[in-house]
Amino acid sequence: MKSRMFQCCTIMSMAAFFILNLSSGRRISLLGCLTAIAATAIVMIKNKRKLFTNVVWIPRPAFILSSLLVCSVLACNFYSAFINSKRIGRIAACIPWTEKQIVLLLSAIGAISAVPIVAVGLSHFIRIGLNDFSAAGHTLNHNGKTLTAGKAFAVLAGIYLIGASAIIRANVNYIDDMGRVAEGYRGWGNFSRFLSNGLSTLIHMDTYITDISPLTQILAVSIVALAGIILIYVVYGRRVFTIWEILALIPLGLNPYFLECISYKFDSPFMALSILGAVVPLLYKGKETWEYILAVSIGTVVVCTSYQAASGIFPMCVVLLASRMWMKRVSYRQIFAFCLKSVFGFGLGLLFFRIVIMIPADNYVSSSIPPFGRLPSVVATNFKHYFNLIASDFKAIWKGAILLLCIGFAVSGLALSRQKKPATLLISILSGIIMFFLCFGLYPALEKPLFAPRAMYGFGIFISILNISVAECRQSTAVQAPAYMVAWIFFVFSLTYGNALYVQKNYTDFRIEQVITDLNNMDVFLGEKPVVVQIAGSIGQSPAIRPMNKNYNILSRLIPITFRESWTWGQKQFFGYYGLKNVTRDTSQDLTTYGLPMVKDSMYHTIYGNGEYVLIKLK
């Protein structure tokens with residue numbers, strides 16, 4: 001009787017956990033959630049001997065806190081998703097409670113109910129993960145000094161922090177940051193990044209979030225450093241590393257594309273979390289099938305609800321590990337089983353996200369996939385665009401170093417492989433090509449994917465995978481050299497970019513102040529009547545960094561111009577940060593066609609206007 005009661009409570013806790021993941025009251029989401037609950041309950045009952053005999057080993061305070069934090073994040077999302085639900089409104093009409101009280105109660109009940117299953121899951125996976133880590137190799141046939149995983153993490157986090165120091169010093173409200181600083185909204189739900197929403201609510205203890213940088217950026221580089229240590233541990237199969245192997249991980253957190261992620265004061269820790277969510281499941285690749293599949297599924301959901309640009313990282317790692325298994329003469333059956341479980345877990349996580357969590361988006365990007373007949377041409381077009389961007393973003397010397405790195409990767413397997421050399425070279429080349437095509441994740445298959453640098457950091461992870469493969473201590477110095485060349489290039493560029501960002505910020509502030517000074521002297525703003533003000537033209541990049549674009553094309557994409565026409569973030573600072581009196585904005589009108597008389601002409605701008613309208617043409 002007690003056993004049956006325990007099983008029922010466990011299944012109810014599991015059901016609460018799934019329900020908390022609902023992001024809306026859409027019928028397909030509800031049906032998908034119920035299907036997931038039923039399927040999981042059947043699996044749990046059939047495997048009751050394995051699943052209902054776990055003992056929670058974590059000390060009680062840590063056990064309660066860790067599981068409660070996870071459930072609180074989900075509860076925050078559930079509350080935000082259903083606070084304006086029509087279904088809740090109908091319930092509120094029948095009982096003497098407000099909608100807010102009902103949703104708050106449901107969120108609290110769900111969080112408390114889900115705590116047991118989350119706690120058991122956390123304790124189980126932490127225990128087996130730590131056991132494997134303790135059993136991993138802790139010696140290395142190397143004459144130089146080695147670092148334990150803890151010291152390696154500290155070194156890597158320190159390097160990332162130094163690389164990001166110029167970005168932190170610049171203190172720039174990067175694109176979306178401008179809106180969040182001024183208005184305190186979260187706003188990640190429109191792209192189904194609900195983990196970001198929930199974690200930000202928990203961090204700020206409020207749905208109104210504020211600028212707490214550089215804490216968020218320090219968290220981001222720490223999370224990426226942890227992901228890097230896990231990645232290199234999984235690939236090498238040991239828990240001690242040389243300093244040179246750790247240096248090879250620099251591109252993971254300081255590649256040019258991920259630098260844009262670090263630039264975001266609010267988004268950066270959640271973008272970093274997507275990398276961690278992609279690599280953590282690999283810790284359980286040698287465990288039982290259900291354990292690995294569950295870990296991969298959860299990790300995939302974490303990726304998709306934090307930042308979907310990381311969706312290609314896990315598949316790339318699987319390809320790398322499968323190729324290394326082949327080189328070590330692991331049986332084809334084991335390799336196939338590993339790949340099959342990886343694909344199944346990844347697909348299961350994507351399916352749960354797509355049906356239960358994801359809210360379709362169709363804005364400047366779209367989550368829709370084109371019809372099957374058009375899919376090949378769309379994928380080919382998108383890949384071509386990504387490749388062209390990489391070719392134009394990277395300097396010639398960068399591309400040369402990466403080419404040498406690719407050659408080094410092709411031959412790096414020879415030191416590891418027990419197979420014949422020609423076959424090893426072929427497998428290395430094929431795995432490299434496959435990883436390259438996987439680095440953009442699911443984006444190439446979308447109707448309107450994102451091509452911004454922050455959406456392309458999968459390519460930076462691809463370079464990092466090549467780097468750690470080439471830099472492994474068993475390789476010769478000649479093979480390792482390109483890895484350190486790439487690492488140094490990206491480390492130096494991270495400082496270059498951060499300082500350029502600071503110069504652009506100062507230039508933008510200066511140009512805005514010039515305009516406001518001239519507007520302040522105009523009589524039209526001294527009355528009480530609102531005046532429509534419109535911006536035309538653009539300030540462009542600072543004269544101090546324009547010459548740099550000849551050497552660093554990527555800077556034109558990384559450094560936003562935040563005082564210009566026809567872009568929300570190009571005018572947010574001007575209209576929202578200075579409390580301009582009697583100034584209104586009306587995007588439905590085009591004042592350039594009104595023939596307004598010139599009021600003021602200066603070196604930097606020309607002002608046209610009358611008693612109702614003012615047009616500012618930037619030079």
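This is a short dialogue on reading some features of a predicted model.

Reader: Where should I begin, and which residues have the most contacts inside the largest nonpolar core?

Author: Welcome! A nonpolar core is a set of buried nonpolar residues joined through their side chains. Here the largest one has 162 residues, and I313, Y457 and Y497 have the most contacts inside it. Helix α10, residues 215-236, gives this core its largest share, 14 residues.

Reader: Which residues does I313 touch, leaving aside those up to four places away in sequence?

Author: With those set aside, I313 touches I275, A278, V279, Y457 and I461. Y457 is a name you have met already, as one of the residues with the most contacts in the core. There is also a second, separate core of 20 residues, and V533, I561, I607 and L618 are among its members.

Reader: V533 lies in strand β3, I think. How many residues of β3 are buried?

Author: Buried here means under 20% relative accessible area. Strand β3 covers residues 531-536, and six of its six residues are buried. Look at the directions of the side chains too: V531, V533 and I535 point one way, while V532, Q534 and A536 point the other way. Residues on both sides are buried, Q534 included.

Reader: Which strands pair with β3, and in which sense?

Author: Two strands are taken as paired if there are at least two bridges between them. Strand β4, residues 583-584, runs parallel to β3 and is joined to it by two bridges. In that pairing, V531 stands opposite V583. Strand β7, residues 613-618, also pairs with β3 in the parallel sense, over five bridges. There, V533 has V614 as its bridge partner.

Reader: Now a helix, please. How many residues of α9 are buried?

Author: For a helix, you can count the buried residues in the same spirit. Eight of the 11 residues of α9 are buried, so this helix is largely enclosed by the rest of the structure. The buried ones are F194, L195, S196, N197, G198, S200, T201 and H204. Just after α9 comes M205, with a positive phi of about 55°.

Reader: Which other residues have a positive phi without being glycine?

Author: Two to look up are N171 and S566. N171 has a phi of about 55° and sits in the loop between α7 (149-170) and α8 (176-183). S566 has a phi near 55°, and its place is the loop between α23 (555-558) and α24 (572-576).

Reader: Are N171 and S566 exposed or partly exposed?

Author: The cut-off for exposed is over 50% relative accessible area, and partly exposed lies between that and the buried limit of under 20%. N171, at 39%, is therefore partly exposed. S566 counts as exposed because its relative accessibility is 69%.

Reader: Where is the cis peptide bond?

Author: A cis bond can be recognised from its omega angle. In this model, the cis peptide bond joins S213 and P214, with omega about 10°. P214 belongs to the loop between α9 (194-204) and α10.

Reader: Which residues make the nonpolar surface patch?

Author: On the surface, look for nonpolar side chains that are grouped together. I91, I95, W97, L105 and I109 make a patch of about 430 Å². Of these, W97 lies in the loop between α5 (86-92) and α6 (99-135). W97 has a relative accessible area of 41%, so this residue is partly exposed.

Technical notes: Residues are numbered from 1 along each chain as its sequence is written. This is a predicted model: local features need pLDDT of at least 70, side-chain atom pairs count only at pLDDT 80 or more; totals for chains, interfaces and linings use all residues. Side-chain values use heavy atoms; hydrogens and water are left out. A nonpolar core is a set of buried Ala, Val, Leu, Ile, Met, Phe, Trp, Tyr and Cys residues joined through side-chain atoms within 4.5 Å. Buried means under 20% relative accessible area, exposed over 50%, partly exposed in between (1.4 Å probe, protein chains only). Helices (H or I, at least four residues) and strands (E, at least two) are DSSP runs, numbered from the N terminus. Contact means heavy atoms within 4.5 Å. Patches are made of residues with over 30% relative accessible area and no salt bridge: like charges are joined within 9 Å, nonpolar side chains (Val, Leu, Ile, Met, Phe, Trp, Tyr) within 5 Å. Accessible areas come from the Shrake-Rupley method with a 1.4 Å probe; for residues, only the protein chains shown count as cover. A salt bridge is a side-chain nitrogen of Lys or Arg within 4 Å of a carboxyl oxygen of Asp or Glu.
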